[in-house]
2 protein chains.
Amino acid sequence: MSRLEENIRKVTPYVPGEQPQNKVIKLNTNENPYPPSPEVDRVLGEVDSGDFRLYPDPSCSILVKALADCYGVGEDQIFVGVGSDDVLAMCFLTFFNSGKPILFPDITYSFYKVWAQLYSIPYECPKLNEEFRIVKEDYYRENGGVIFPNPNAPTAVYEELDFIEDILEHNRDVVVIVDEAYIDFAGRSAIELIERYDNLVVTQTFSKARSMAGMRIGYAISNPKLIRYLNDVKYSFNSYTLNKVALVCGEAAVKDQEYFENTVKKITDTREKTKKELADLGFSFTDSKANFIFASHPEYDAKEMFDAMKEQGIYVRHWDSERISQYLRITIGTEEEMQKLFEFLKKYMQK
Amino acid sequence: MSRLEENIRKVTPYVPGEQPQNKVIKLNTNENPYPPSPEVDRVLGEVDSGDFRLYPDPSCSILVKALADCYGVGEDQIFVGVGSDDVLAMCFLTFFNSGKPILFPDITYSFYKVWAQLYSIPYECPKLNEEFRIVKEDYYRENGGVIFPNPNAPTAVYEELDFIEDILEHNRDVVVIVDEAYIDFAGRSAIELIERYDNLVVTQTFSKARSMAGMRIGYAISNPKLIRYLNDVKYSFNSYTLNKVALVCGEAAVKDQEYFENTVKKITDTREKTKKELADLGFSFTDSKANFIFASHPEYDAKEMFDAMKEQGIYVRHWDSERISQYLRITIGTEEEMQKLFEFLKKYMQK
């Protein structure tokens with residue numbers, strides 16, 4: 001077996017948040033506490049399983065068209081995949097091919113490092129400053145590409161578009177990917193910069209604001225040229241990715257803009273209330289613009305709180321990593337779920 | 001833009017068969033002419049769209065368990081992905097990592113070459129013999145891995161297990177992938193060899209015999225060690241691949257063994273009748289053990305027949321490639337669809 005093993009690629013995979021199957025308060029993987037649009041349910045009821053015998057549309061055209069209409073871009077500016085992880089994995093493979101180190105923050109979505117390792121892409125990780133903000137001057141040096149989330153995760157910090165533009169301006173020769181998984185809870189999207197910066201790729205997901213993590217849909221928006229390169233790689237990997245149900249449910253979700261906006265508003269309202277409650281309890285945290293809060297407490301150890309919560313069926317996320325081991329990432333749930341969290345914390349702190 | 005482009009991976013993608021959206025006789029992408037099991041329809045009706053807000057089970061355990069039970073192997077011997085193309089793409093990335101050329105036949109599934117190019121894996125393509133059969137001695141030389149379909153595509157030729165064993169025996173130091181997309185129409189699967197050969201990976205799909213091309217489900221069966229390496233790479237690429245609907249529909253399809261067997265029998269019965277009809281019309285073809293026939297006619301040009309059929313709304317597959325440009329690959333449809341094909345051919349040949 002040993003010679004056989006020599007030829008095998010060995011990697012340290014990404015570890016996703018726990019997916020407990022029992023009745024728990026699940027505030028650990030930034031899912032949406034509300035169901036998707038009723039339109040999704042309606043089209044799901046109309047799906048004919050007899051159609052499953054045929055391959056789905058490889059160009060995913062109904063979904064691409066709905067997204068193009070929604071964002072006011074051309075259909076040739078949209079790439080879709082099996083969640084934004086699939087889209088980002090394709091972006092790494094397509095765009096980060098120079099041999100020079102790519103740049104992303106030291107504290108950020110931990111999958112970036114995993115993809116870089118998988119594809120043997122060198123990388124460097126400039127440190128966030130003390131306030132957990134990206135230092136844009138760190139991205140002025142020569143590199144093989146740049147990627148960062150906006151808002152960043154798990155820090156929840158959002159940067160305005162002039163900040164994004166500055167990084168784009170200083171990196172005209174490489175692709176800059178702005179991972180906007182949480183943008184709908186935050187502010188203006190970098191999509192409006194695509195016309196002016198031919199090096200910009202914006203990625204988004206159906207897993208957060210659109211309540212469809214279980215459906216696995218993500219997308220990239222860029223200029224037609226970069227989208228074409230991305231599609232060429234996709235068609236060199238798997239021609240048929242999104243199944244028929246994902247296509248029709250995805251289309252229905254995008255078209256129901258009103259439901260989407262209402263859901264986002266409910267979550268951001270709960271987030272702002274949660275900030276107040278957590279502040280009253282003595283927590284400190286960044287000014288979250290995402291559907292989660294990244295909080296620490298000066299008097300209580302984060303890992304101990306995490307374990308105590310878990311014992312009570314309240315799941316949040318904790319990393320035993322440099323600089324952030326005293327923080328908890330708490331997803332915004334329903335008002336009721338957050339009340340239970342506060343009740344727990346009040347009791348815990350009285351002990 | 002030119003310096004920007006230097007860093008981009010440029011590939012020649014796989015070209016999938018056409019997916020015409022109109023009412024046609026579609027015998028071009030080896031889909032199943034019958035719908036999936038009624039059990040699939042039943043569980044589809046029970047899906048709650050409210051669950052879409054949560055991530056699906058990353059280990060796909062209900063589907064893995066159903067497959068393990070079906071094939072009498074351990075759950076740790078099954079890897080699932082978004083169609084067997086996704087599974088094979090992961091296998092190439094994981095197992096063909098030696099730098100030595102991998103081997104696959106000159107006439108075979110055209111995606112193998114595309115994946116090799118995508119990942120910069122060197123490859124050599126030993127020629128099928130005059131009867132379109134693999135010459136096993138060609139696979140005795142040093143290599144970085146072996147892959148071939150059984151039955152092969154588009155030739156439809158099936159090799160018995162002693163043939164497979166011989167190739168496994170001569171390649172103990174590399175991974176040998178037997179791509180069994182069409183095995184259910186053919187004969188014994190190499191799955192029974194897994195216990196004896198620690199270098200064997202067998203891949204299969206839901207797209208053919210299980211009538212679920214539109215759902216995108218494929219799987220690999222091997223020993224627990226190789227499956228673990230494959231899962232490590234998958235979790236370094238995309239943790240959540242199959243969506244909730246695919247998981248429950250896939251499970252339901254696997255469990256309905258009787259429907260599966262009946263469907264396969266209908267197709268192989270039609271295939272044998274089709275062989276007689278095509279022989280009567282003067283076609284020659286390999287002894288197909290798949291759900292398609294690879295046929296040529298001594299008096300009629302394949303490309304001209306292909307174009308004439310397409311004009312009448314009958315889609316088959318033709319490649320303008322060396323050695324096979326005089327062949328058509330004809331998927332086995334329903335009895336009625338095949339009748340229409342024969343009617344067309346009879347008319348065409350009277351002209």
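Q: In this predicted model, what distance separates the centres of domain 1 of chain A and domain 2 of chain A?
A: The domain assignment places 20–35 + 258–350 of chain A in domain 1 and 38–255 in domain 2. Taken over C-alpha atoms, the centres of these two domains of chain A are separated by 26 Å.

Q: How many residues does each domain of chain A bring to the contact?
A: Contact is counted for heavy atoms within 4.5 Å. On that basis, domain 2 of chain A supplies 27 residues, and domain 1 of chain A supplies 26 residues.

Q: Which residues of domain 1 of chain A lose the most area to domain 2 of chain A?
A: Between them the two domains of chain A bury about 2000 Å², with 63% of it on carbon and sulfur atoms. Three residues together account for 33% of what the domain 1 side buries, namely Phe260(A), Lys289(A) and Arg323(A).

Q: Which side chains meet in a salt bridge at 2.7 Å, N to O?
A: The rule finds one salt bridge across the interface of domain 1 and domain 2 of chain A. A salt bridge requires a side-chain nitrogen of Lys or Arg within 4 Å of a carboxyl oxygen of Asp or Glu. The pair at 2.7 Å is Asp106(A) and Arg323(A).

Q: Which element gives the most residues to the side of domain 1 of chain A that touches domain 2 of chain A?
A: Across this interface there are 14 residue pairs in polar contact. Helix H9 (257–280) and strand E10 (292–296) of chain A each supply at least two residues of the domain 1 side. With seven residues, the element that gives the most is H9(A).

Notes:
Residues are numbered from 1 along each chain as its sequence is written. Chains are lettered from A and ligands numbered from 1 in the order in which they are written. This is a predicted model: local features need pLDDT of at least 70, side-chain atom pairs count only at pLDDT 80 or more; totals for chains, interfaces and linings use all residues. Side-chain values use heavy atoms; hydrogens and water are left out. Domain bounds come from an automatic or database domain assignment. Buried area is the accessible area (1.4 Å probe) that two parts lose on being put together, summed over both. A polar contact is a pair of N or O atoms within 3.5 Å; within protein, one must be able to donate a hydrogen and the other to accept it, and residues adjacent in sequence count only if both atoms are side-chain atoms. Helices (H or I, at least four residues) and strands (E, at least two) are DSSP runs, numbered from the N terminus.
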